[in-house]
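Open the model in your viewer and keep the selection tool at hand. Each stop below says what to pick and what to look for there.

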Amino acid sequence: MAGCEMIEKTRIQTIGSSSLVRPAGKKFLCVLMLVAGFLLPLTVHEVFAASSQIYDQTQRKWVAYTPDLARQFYRRHNQTPETFRRQVVPFRTAEKPGTIIIDSVRHFLYFVLPDKQAIRYGIGVGREGFGWTGIVKVGRKQEWPRWIPPKEMIERDPKLAKYADGMPGGPENPLGARALYLFEGKRDTLYRIHGTIEPWSIGLNISSGCIRMLNDDVTDLFERVEIGAKVIVLFQGASLLKGV
Amino acid sequence: MRNMRVYVPILLAGLLTTTGSGHAADLVIGIPSWSSAKATAHVIKEVLEDKLKLDVELKEGTNEEIFAGMDDGTIDIHPEVWLPNLMALHDKYVIRRKSAIMSEKAVPGEQGLCVTRHTAEGHGIRKIEDLADPGKARKFDTDGDGRGELWVGDKDWASTRIEKIRARSYGHAQTMQLLEADETVAMAAVDAAVAVDRPIVFYCYAPHHVFSLHEIVFLEEPPHDPRDWRIIDPAEDAQWLTKSNAAVGWAISFLHVTYSSRLAESQPRAAQLLSAMKLDVDTVSSMTYAIVVEGMEPSEFARQWVATNGERVDAWLAAK
């Protein structure tokens, strides 16, 4: 395995009592939420969790949008912010229906539909974005996939040794309800699009490189996508140069 | 673009492989991998088969392979040779070896850097010089390093090398990260940027379907001046990047049908038709859009196009 299935544990931090979310460098453009003792959704235009900032009313300044905010929001609302929820959006492309386009910068996965539309899902990606770019295909699909922690991961966390031969699929499995295995030609890239047991993490860059989706979303995508479907991973900075 | 392998959407990939059926065709059209050349190749095939009753085969290949094929007799036609991009191949096979003949008729092409209209109007990025401004370049930053990202083409394209030179000459090599990638990825990135009104800048060329798919504009820049266009070939000098300079726009490009000298002898009517064949930017653009974006099967598109452009095709056939 590529080691992309493990969600990294994050520190809990105290966030100020009132916060706005904006993409880095865009003042007040993309307001996500207002925290007034708790998180209230306001107008949502777009959210860029990895590179986003929040306005902390207590500190009266923009601070990084951290996984903690995502945790708080999810705890309050039992769902991700609206922008990361599954929705049909206008999407003009030359790619044929059934193609998947992954925008790790915006944390969106598009499933191309006919008539210049797409289903847009929120995703979580690796700490450094997706880590690579290029064109692959869906080589295999699996319901309730088995998870095998990489050797390095077991070395870091010996408690995982009991899963060295694989953790059966199920609600405790980090891969979640479904997995799409990405192939380059006939070669398994070891990258996956899979579900998650930490739905609050959608919209963040905190895994080891794979694409995480809400279990309901990955199940929806699983039903729609065909084996052999084209998957285009868009570039994000230097990751483009690494290729698949 | 076009010294080069352009990876177009996969919808074309399965449609444009060699169509040989096991018997020797009367002639073979080489197909480079960009979409407009593929569309033109299918139209030529349809015209030759329908009007001259020839058996035509399509064969994929790089520009180098197609020119070499015209030289050794295994390929007869290159549907779309871009100049000045392929000037080296032109000089070798058309001028020196005289094994290929380039039609004098041409479709004008354009290349440079493009942005979406939203980028131009919403963010005030209208000139290439804007990219050298760190504050403006930062608008294209996707990885948080403070520099913007700019797709300059596929790693195999001759134009990519020139865009690197231009980036250095204009100064945006300092403020932008220059990215090389498959064109399919780059075009999907444009789609995704448009979907969320994100600013994006990228290498572009016309005719191309992206201009029909989205509102795309070329960035303004000083007009081409050959006195300010000094491009050193890496094969000539390892210091090509630092010794080159090109802080002006590209010269207007021209797209020519090219065929083997051998064809002129073996199939003179075909050669005559190819010499008379005249397309234009709108035609090539619409052909490409129909096949790439609307997903029409190329041979079916070509059949319909020839059927609805009878007078035009007849004029090519009647030309002396």
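Start in chain B of this predicted model. Select strand β3 of chain B, residues 77–83. This strand is mostly covered, with six of its seven residues buried. Now add strand β12 of chain B, residues 253–260. β3(B) and β12(B) run antiparallel and are joined over five bridges. To find the register, pick I77(B): opposite stands Y259(B), in β12(B).

Next, colour chain B by domain. The domain assignment puts 10–108 and 253–318 in domain 1, and 110–246 in domain 2. Their C-alpha centres are 29 Å apart. Go to where the two domains of chain B touch. Eleven residues from domain 1 and eleven residues from domain 2 make the contact. On the domain 1 side, select α2 (35–52) and α13 (281–293) of chain B; each supplies at least two residues. Which element gives the most to this side? It is α13(B), with seven residues. By class, the domain 1 side has five nonpolar and six polar residues, and no charged ones.

Move to chain A. Here the domain assignment gives domain 1 as 21–83 and domain 2 as 85–235. Select the contact between them: 13 residues of domain 1 meet 14 residues of domain 2. The domain 1 side of chain A consists of eight nonpolar, two polar and three charged residues.

Stay in chain A and show its strands. Nine of them form an open sheet of mixed pairing. Trace the order: β6-β9-β8-β7-β16-β11-β12-β13-β15. Why is one side of β6 (87–90) and of β15 (211–212) left without a neighbour in the sheet? Both strands stand at the edges with a single partner strand each, so one side of each has no neighbour there.

Within the sheet, select β11 (134–143) and β16 (230–233) of chain A. They pair in the antiparallel sense over four bridges. G134(A) marks the register, standing opposite V233(A) in β16(A).

Now add helix α3 of chain A, residues 215–224, which packs on the sheet. α3(A) touches β8 (108–113), β9 (117–122), β11, β12 (178–184) and β13 (187–194) of chain A. The directions of α3(A) and β12(A) make an angle of about 55 degrees.

For the last stop, bring chain B back. Select its helix α8, residues 183–195, which also packs on the sheet of chain A. α8(B) touches β6, β7 (100–103), β8, β11 and β16 of chain A. Against β7(A), the direction of α8(B) makes about 70 degrees.

Terms used
Residues numbered from 1 in each chain as written. Chains lettered and ligands numbered in written order. Predicted model: local features only at pLDDT ≥ 70, side-chain atom pairs only at ≥ 80, totals over all residues. Domains from an automatic or database assignment. Contact = placed C-beta atoms within 7 Å. Nonpolar A, V, L, I, M, F, W, Y, C, P; charged D, E, K, R; others polar. Buried ≥ 20, exposed ≤ 12 C-beta atoms within 10 Å, placed from the backbone. Pairing = 2+ DSSP bridges. Axes fitted to C-alpha atoms, helices over the stretch in contact; angles between N-to-C directions.
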